[in-house]
Structure formats: structure tokens, C-alpha cells
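Visitor: I have a protein model open and I'm not sure how to read it. Could you walk me through a few features?

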Amino acid sequence: MNHLAPPVLAIDLGKTSCRARITSGSGDDLTVLAEARGHGAPGLADHEGAELSARAVLETVAHLPADLLAAVQHVGIGAAGVEAAPHEVAAFTAELRLALGATIAVVNDALAAHAGAFAGGPGTVLIAGTGSVVFDVDATGAVKQIDGWGPWLGDEGSGRWIGQQGLEACMRAFDGRGPATTLLVDAEALIGSIPALPRWVSSTGAPARQLGTFAPTVITRAEEGDAVAADIVDAACAHLAVSAAAAGTGAVCVVGGIASHPYVAAHLATAMHEVGVDLVAPRGDALDGARLVALDTAISYDGRVVRDDVHAA
């Protein structure tokens, strides 16, 4: 291990969870020194996005060893809403720079995942978590985005989409407008009655994230043979495959919590084959990408990275 290089803090801030990793060294000599996980944040573009995002990061890194955290000089973060909310991003990076005493580099969470998957190089990545988006980066650094338009206008096939479709199916079954499904019992258990579900969805102030929490239940029921749930998962995979195919590259790396479920992964592979898209394995994850963004100002899409230098403050 390179003992002369100061440790680097990488953050993957999602809507469901926040992951943190401190590493030292580089290349084959890279060593993971500590990791932590905490709750996520709705996104920088949401109401109070900077405050909630900073709180999620700081509460997560509080679980890391204090001596390692104090030695960090560079922090790389992948977070949702970076390009849509520049003022919130400025407030977010300033708060973290002051709290951590380090230079902060923030990039769209999907680009952080892309950087990790392709080690900063060109390629196409599909991220399927609470939201969903495809990013293609060519050899010149030009970026093409497909979907990722948020929970109300896009993110088709995402965890939010699956959860919402599952609950909508429950409402139809409850009314007699749709087929029976075992999801009805699961939905009722969330708050005690089906008519109360609309209130449950909005109760946390983050409805997209709340809807996404029902996705694992839909996937489990699909795996158990519930026809309604299985149709929802198949439709989600079809949406994700269409988004991947729209990139036009013929090959895609798939990452994200929803896509990592074995049942979803198998059905997604079938859907990809049907639209003529090959799957390629990722070289790293979003935390690897965030670390790369923190250190490499020569990365092809560095223009999309927001940097707050502690030495320039």
C-alpha cells in the first residue's frame, strides 16, 4: 500500500441509502480502509435537497473511524440532481467542505456509476435502482442520456416504477377492477387498510422513495409465481431493455439495486437479448467511480463535475 498517499473518501448517495468508503493507494495497490452505510436522501433537486443530502452524508461518515476521516483530503460524491439544481449543489458542497475539511467533487450519481463501471472510459451503462437511467459516454467524452427523467415523467422500469405498479394493481384488485393478487395482503400490511395507501405513499414527504420500498415485495411475489407481480417485473425489464437499446451501442453494463436481484437479472437478460443488446460486466461500482472523480480532473466528462476546493475557500 502507498502510505504516502492520503486516504480518499468516496460517497454513493442514493434515494434509498448512502454508502461511504475510504481507500488508500491506487491501481492494484488500492486498499479499502473502512466502509459505512446509512440512509439516503430524496435528491439535490428536491425540497431542502442540499440540507437533507448533506445530513445523509455526514450521518453516514460519522460511522467511519475518526482518524481516517480526519486524514481525508479529497472526497468524491455521486448524487442525484447535480445538474438540475446548481444552487443546491453549491450549498451542499460548501457544507461538506467545511464539515470535512477536504476538497469536494460531486457528479451525477449515474455518471459516478458509469465511471466505476468503465474506469472512466467510454461505454453504456444502465442504472436501475429507485430511479432508472441510461448513460452512454463516447471516446470524446460526449454524454447521451436516455430516460432518468424522474419519477413522474420517466424512470420506467425502476424500483419506484415497480413499487407503484404493484400498489396500483392492489388498488384495482381491491375495487374489483383487476385480477386478484397476493400483493393485496402485503399492501394492507403497510398501513392496515387498502384505502389508507395513498396517505402512506405521501407520509414521508418522499413519495418516489416510499413507492420504491414496495418493489422488493413485488419481486418476491413474482418469484413465488404471482401472475400480476410477474407481469409487472417482466414489463419493467422490457422498459429497461428498450432504454438500453435506444443508446444504439449494442452493449450495456447493468448496475443498481433492482437489477442486481437474481430474478430480475435473469428476466432482464432475456429482455436485453430480445432487443439485441449484449451485457458486459462492470469493472467497478459507483464508489469506485466517485473515487475516480475525486482524483482525476482529466476524466473525459470532468466538465460535468462540480468541484469545491478546500484550498480555494
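Visitor: What radius of gyration does the chain have, and what would a compact globule with 313 residues have?

Guide: Keep in mind that this is a predicted model. A compact globule with 313 residues would have a radius of gyration near 20 Å, and the chain has 20 Å, which agrees. Along the principal axes, its C-alpha atoms fill a box of roughly 65 × 40 × 35 Å.

Visitor: How many helices and strands does the chain have?

Guide: There are 12 helices and 11 strands. Let's pick one helix, H3, which covers residues 86–100. At 1.5 Å a residue, its 15 residues should span 21 Å, and its end C-alpha atoms are 21 Å apart, so the two agree.

Visitor: Which residues of H3 are buried?

Guide: Here's the general idea: an α-helix has 3.6 residues a turn, so residues three or four places apart point the same way. In H3, the buried ones are Val-89, Phe-92, Thr-93, Leu-96, Arg-97 and Leu-100. They cover an arc of only 130 degrees around the axis, which puts them on the same side of H3.

Visitor: What about the other side of H3: are His-87 and Leu-98 buried or exposed?

Guide: Over there, His-87 and Leu-98 are exposed.

Visitor: And what covers the buried residues of H3?

Guide: The cover includes helices H1 (49–61) and H2 (66–71), along with strands E1 (8–13), E4 (74–79), E5 (103–108) and E11 (306–308).

Visitor: Which residue follows H3?

Guide: That's Gly-101, and its phi is positive, near 60 degrees.

Notes
Residues numbered from 1 in each chain as written. Predicted model: local features only at pLDDT ≥ 70, side-chain atom pairs only at ≥ 80, totals over all residues. Heavy atoms only, no water. Helix = DSSP H or I, 4+ residues; strand = E, 2+ residues; numbered from the N terminus. Expected span 1.5 Å × (residues − 1). Buried < 20%, exposed > 50% of the residue type's maximum accessible area, 1.4 Å probe, protein only. Arc of directions from axis to C-beta. Contact = heavy atoms within 4.5 Å. Rg over C-alpha atoms; globule rule 2.2 N^0.38 Å.
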